[in-house]
Each structure stands twice: as structure tokens, then as C-alpha cells.
Amino acid sequence: MTFRQARWEEPLLWEIRPPADGGVDPAQAPEVPPELRRRKALRLPELSELEVARHFTRLSQMNFGIETSFYPLGSCTMKYNPRVSEVLARRAGVADVHPYQPESSTQGLLAMLWEMEQALGKITGLPHTTLQVAAGAHGEYVALRMTAAYHRDRGDTKRTEVLLPDTAHGTNPASAAMAGFTTREIPSKNGCVDLRALEGALSENTAAFMLTNPNTAGLFEEQILEISDRVHSAGAILYYDGANLNAILGKTGPGKMGFDVAHLNLHKTFATPHGGGGPGDGALCVGERLKDYLPVPRIVKEGRKFHISYDFPRSIGKVKTAYGNVGLVLRAYVFLRAHGEEGLRRVSERAVLNSNYLGMRLGEHLPRPFKPLVKHEFVLSGAPLKARGVRTLDLAKRLLDEGVHAPTVYFPTLVEESLMIEPPETESKRDLDEFVAAFLRALNDTPERLHASPMNLAVGRVDEVRAARDLILSWRDMEKAAPGAGRSHATAASPPGVASAAPSDIPNPSVGAK
Ligand SMILES: Cc1ncc(COP(=O)(O)O)c(C=O)c1O
């Protein structure tokens with residue numbers, strides 16, 4: 001399939017038609033008291049609905065999404081979000097409910113939340129759940145605050161250190177630091193935790209060990225029961241990062257493996273939209289050690305009625321407005337109910353099969369540093385490309401030109417020039433075969449074209465270092481960095497961070513063509 005991304009020279013809404021005579025005069029609602037009414041007209045561009053719809057549709061065409069292409073972003077479980085969940089979550093009975101309206105009028109939603117908590121408790125084997133955490137990273141932070149409270153309550157005040165394997169996702173040490181802990185990295189041996197090194201690091205200062213299983217190399221930590229035993233003997237908490245739950249759904253769970261607490265990324269495993277800091281959602285499931293510290297409010301069932309209770313004196317308190325992102329929980333609930341127990345098992349079987357099929361096929365072309373059979377994702381090394389003056393980053397950028405999203409690159413860090421690929425269960429064999437063909441076209445392309453990629457996207461290769469350092473996230477930032485740049489993409493000097501992102505800087509597709 002040939003891919004050419006749309007490339008609109010799309011102006012800002014302000015540039016299409018700025019407010020001619022001071023802006024839009026919104027209809028005055030009669031019930032707004034005069035002293036609260038706006039004195040000046042609202043300075044908004046004066047556009048018709050159609051103009052606005054076209055603007056945003058064009059912008060969306062210059063983007064990647066799961067509904068246009070395969071998204072093999074390792075560790076992110078980018079699966080299709082079923083339409084039925086969207087339809088149900090947008091019904092007035094969900095979307096228009098006010099979080100603080102009387103409980104008697106929200107019994108249906110409370111019942112759904114309660115059932116979801118029970119279901120996730122069963123899936124994880126950790127029966128006490130909160131659905132208030134907004135994402136995986138938020139779950140990590142909340143759990144570590146609960147861990148601190150647990151140790152404090154036992155008078156165990158020396159426990160200030162969190163241990164993590166060198167395959168840990170970056171949010172793990174970041175959350176630990178935010179929760180006030182210091183961190184120490186435990187090296188891996190053949191991609192899994194080095195038990196000896198862990199034993200050597202555990203002490204009366206250890207508050208928790210954070211681990212994901214299968215880990216970010218796609219490997220199941222087979223010594224998990226020994227790990228759990230060592231961590232608990234040292235008096236520490238064992239934390240499960242549930243980002244990789246898709247690999248073990250219905251097969252095993254963190255409770256069985258000895259974990260005390262697990263975050264789940266509902267936007268990964270349970271197919272709700274990914275947040276990117278926005279409306280993601282998570283869950284935190286805990287066992288007996290930590291249950292008293294769960295955030296409030298909690299949903300309590302009394303007879304056939306549900307109510308929201310703050311009556312948990314050892315709770316760490318509130319971590320989110322109201323009861324969290326309820327619309328997203330509902331989407332995940334629909335996913336769970338639609339699949340049922342057997343369906344969830346098939347989800348993980350299919351995800352693991354996809355990963356092994358793709359891993360075997362691509363492993364014929366680039367080294368796979370770990371054992372051949374993996375779980376839901378696998379790692380390749382782009383190190384041999386260096387002989388041709390090419391890096392993993394170039395390969396990832398070239399793949400974009402094939403119309404697929406790039407895999408995760410340079411993570412996990414223990415593999416040189418790593419690429420991490422995760423093909424969730426929603427991808428068919430045909431999709432995977434098309435990806436293999438695209439991957440090989442990219443791999444075998446000339447160094448010149450690999451360096452110049454992406455060539456047929458709306459945006460060329462950005463200066464990632466500058467983009468990260470000099471963040472330009474709004475029109476105002478752009479105006480500050482390079483006055484005038486926000487008004488005319490084609491002619492203005494590029495501000496830092498978007499140096500090569502302006503359409504005028506896009507490499508000519510013919511450059512370096514074979
Ligand atoms: C292994 C792992 N842990 C934690 C996270 C953080 O999760 P979230 O993005 O939901 O905050 C991720 C995200 O990709 C991850 O892959």
C-alpha cells in the first residue's frame with residue numbers, strides 16, 4: 001500500500017479570518033446577572049462551523065492514528081478503541097452526569113464502578129481497587145505514597161529507597177522521586193532481574209521494589225516468586241507496573257506472583273483512548289498490606305445500594321477530582337464485559353502470538369538479543385546498521401514514510417540501538433505481513449534516504465534535541481521565540497525547536513531517491 005500523508009499549508013484560525021470588529025459577540029444568556037456579563041466582545045476568530053470543521057479535519061490528516069495505521073509502539077499497547085465503548089460513554093446518562101449530584105440519581109454508574117473494581121481485583125488477584133488514578137504514572141506515584149504511609153505507620157522510618165531494574169520505564173524512578181524516595185538501579189542478567197544483585201541491594205532502607213512482568217524486553221521474569229520472597233523478607237513492598245498486563249490477561253496476575261500493589265493502564269490493556277497527559281485512565285489494585293491507605297473517596301456497597309464514602313481514616317486522601325475519569329472507566333468496563341473471561345484470555349494469547357510471529361520474521365534481519373520466545377513485545381537491535389552510517393532513529397523515521405507509526409526506540413536502554421515492537425491482538429496477520437514488507441523496504445533503503453526520512457509526511461525531521469529543550473507548544477510561545485513565525489509558516493524564520501518542522505524545510509522527496 002503506498003502512503004502519502006496529507007500536507008496542508010494550514011493557517012491558524014486567526015489567520016483565516018481574525019475578528020473584524022473586535023470579535024464574536026456571544027448570545028447573552030438572560031439569566032446571567034449584568035455585573036457578571038462580559039464588557040468587551042470575545043476576541044475569537046469569526047468563522048463558520050464548516051470552516052472550523054475543515055481546519056481541524058485537515059490538521060487530523062497530518063497525524064498518525066490507530067485508525068489509519070499500525071502503531072507498534074512497544075510498551076504502549078496501542079490497540080483499537082472499539083466504537084461501541086464510545087457510543088455508550090457518550091450517552092447522556094454518562095456524559096451529562098454531574099460528579100456531585102445526589103447518589104440516589106447515580107446508582108447505575110456507581111454500580112458500574114463497583115463492578116469494575118471487583119473485576120480488576122479478580123484479574124489482578126489484588127482485591128482492593130481504586131479507579132481514581134489518571135494514568136500508569138499517577139498510579140505509581142499514588143502507590144508509593146501509600147507505601148510511605150504503610151512504613152510510617154509501622155514506625156519503619158528508615159525506608160527511603162526504591163529499587164528498580166534497569167529495564168524499568170522512566171516514569172518509575174520519576175514517580176519514586178516525586179513521592180520523596182531515592183532510587184537505585186538493579187542490573188539485569190539476560191534481560192531479567194539479576195537476583196543476586198537484588199539480594200545485595202535489599203536492606204532495612206528499602207521501601208519498595210518496582211517491577212513489570214513480563215518486563216519491557218517482553219521477557220517473563222521466571223524468578224518472580226524468589227524475587228517476591230526476597231523483597232518481603234527484607235520488609236519491603238513489591239510493586240507491579242501493569243503496563244504489560246496485555247501479555248498475561250486471564251493466565252496469571254500480579255497477586256499470584258506475590259505483588260502487593262499493581263497499577264493498570266486502562267488506556268492500554270482495556271482499549272480506552274491514550275491520554276498523553278490528558279484523559280487517560282488507570283486503576284490501582286492492592287492486597288491486604290496496603291488496602292487501608294487507598295485514596296478516598298471509595299465506593300461502598302450496602303445491601304443493594306452504592307454510596308461514596310470518605311470514612312477511611314488511614315487513607316492517603318484525595319488524588320483526583322470527584323471519582324476520576326468515569327467516562328473512561330466505562331469504556332474499559334465495556335471492553336471487559338464484551339470479552340468476558342474467556343475473551344480476555346484470548347486477547348493475551350493472540351497478542352503473544354502476534355509478537356512471536358513478528359519477532360521471528362524480523363529476527364531474520366536484525367539481531368534479537370534475548371531468547372526467541374517472548375510475551376507481547378520484543379526487542380531488536382539496530383546496531384548492525386551503524387556499519388552503513390545509519391542508526392535506529394533513521395530506520396524509525398523511514399518507517400513513518402511507509403505509513404506506519406515508528407516502534408519505540410532506544411528503550412529498553414540495555415540493548416544497543418534498541419527497537420521495541422508491540423503488535424497487540426487487534427492486528428491481523430495481513431497487517432503484520434504488510435509491516436514486515438514495509439520494515440524490509442526501510443531497512444534496505446539507501447543511507448541517504450534513511451537520513452533524509454521522513455520525506456512524505458506533513459512534517460520533516462525535527463531537531464529533537466532543540467524541540468525538547470526549547471518547547472514551543474503554543475502560538476504565543478512561537479511568537480515569543482520568533483516574532484512573525486506564527487503568522488506565516490512559509491516565509492518566517494524558524495523558531496528554535498521547530499527548526500526543521502516548518503513545511504518549507506521538508507526535504508524534497510526526490511532527494512536521494514534510488
Ligand atoms: C512499562 C511502563 N510503565 C509505566 C508507564 C506509564 O504509564 P502512563 O503512560 O499511563 O502514565 C508506561 C507507559 O508507556 C510503560 O510503558
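Let's start with Val 329. Setting aside neighbours within four places in sequence, Val 329 is in contact with Leu 113, Met 116, Leu 131, Leu 266, Asp 281 and Gly 324. Please keep in mind that this is a predicted model.

Where does Val 329 belong in the bigger picture? Together with Tyr 239 and Val 261, Val 329 is among the residues with the most contacts inside the largest nonpolar core, which has 112 residues. Helix 11, residues 326-362, gives the most to this core, with 15 residues. As background for anyone who thinks more about assays than folds, nonpolar side chains tend to be buried together in soluble globular proteins.

Now let me zoom out. The protein has 16 helices and 14 strands. Its radius of gyration is 25 Å, and the globule rule gives 24 Å for 514 residues, so the protein is as compact as a globular protein of that length. Along the principal axes, the C-alpha atoms fill a box of roughly 75 × 65 × 45 Å. Of the 514 residues, 42% count as buried. If you take the contacts with a separation of 6 or more, 69% of them come from residues 24 or more positions apart.

Next, the ligand. How many residues surround the ligand? The answer is 13, and the closest are Ser 75, Gly 136, Ala 137, His 169 and Ala 243. Sorted by class, this shell has eight polar residues, four nonpolar ones and one charged one.

Moving along the chain, have a look at the hairpin. Strand 10, residues 298-302, and strand 11, residues 305-309, pair in the antiparallel sense over five bridges. One pair to find on your screen is Arg 298, whose bridge partner in strand 11 is Ser 309. Two residues sit between strand 10 and strand 11, and Gly 303 in that turn has a positive phi of about 65°.

I'll finish with helix 12, residues 392-400. Why do we call helix 12 largely enclosed by the rest of the structure? Because nine of its nine residues are buried. The buried residues of helix 12 include Leu 393, Leu 395, Ala 396, Leu 399 and Leu 400, and also Asp 394, Lys 397 and Arg 398. What covers them? The cover includes strand 13 (408-409) and strand 14 (418-421), along with helix 13 (429-443) and helix 14 (447-452).

That's my tour, and I'm happy to go back to any of these spots with you.

Terms used: Residues numbered from 1 in each chain as written. Predicted model: local features only at pLDDT ≥ 70, side-chain atom pairs only at ≥ 80, totals over all residues. Core = buried A, V, L, I, M, F, W, Y, C linked by C-beta atoms within 7 Å. Buried ≥ 20, exposed ≤ 12 C-beta atoms within 10 Å, placed from the backbone. Helix = DSSP H or I, 4+ residues; strand = E, 2+ residues; numbered from the N terminus. Contact = placed C-beta atoms within 7 Å. Pairing = 2+ DSSP bridges. Near = placed C-beta within 6 Å. Nonpolar A, V, L, I, M, F, W, Y, C, P; charged D, E, K, R; others polar. Rg over C-alpha atoms; globule rule 2.2 N^0.38 Å.
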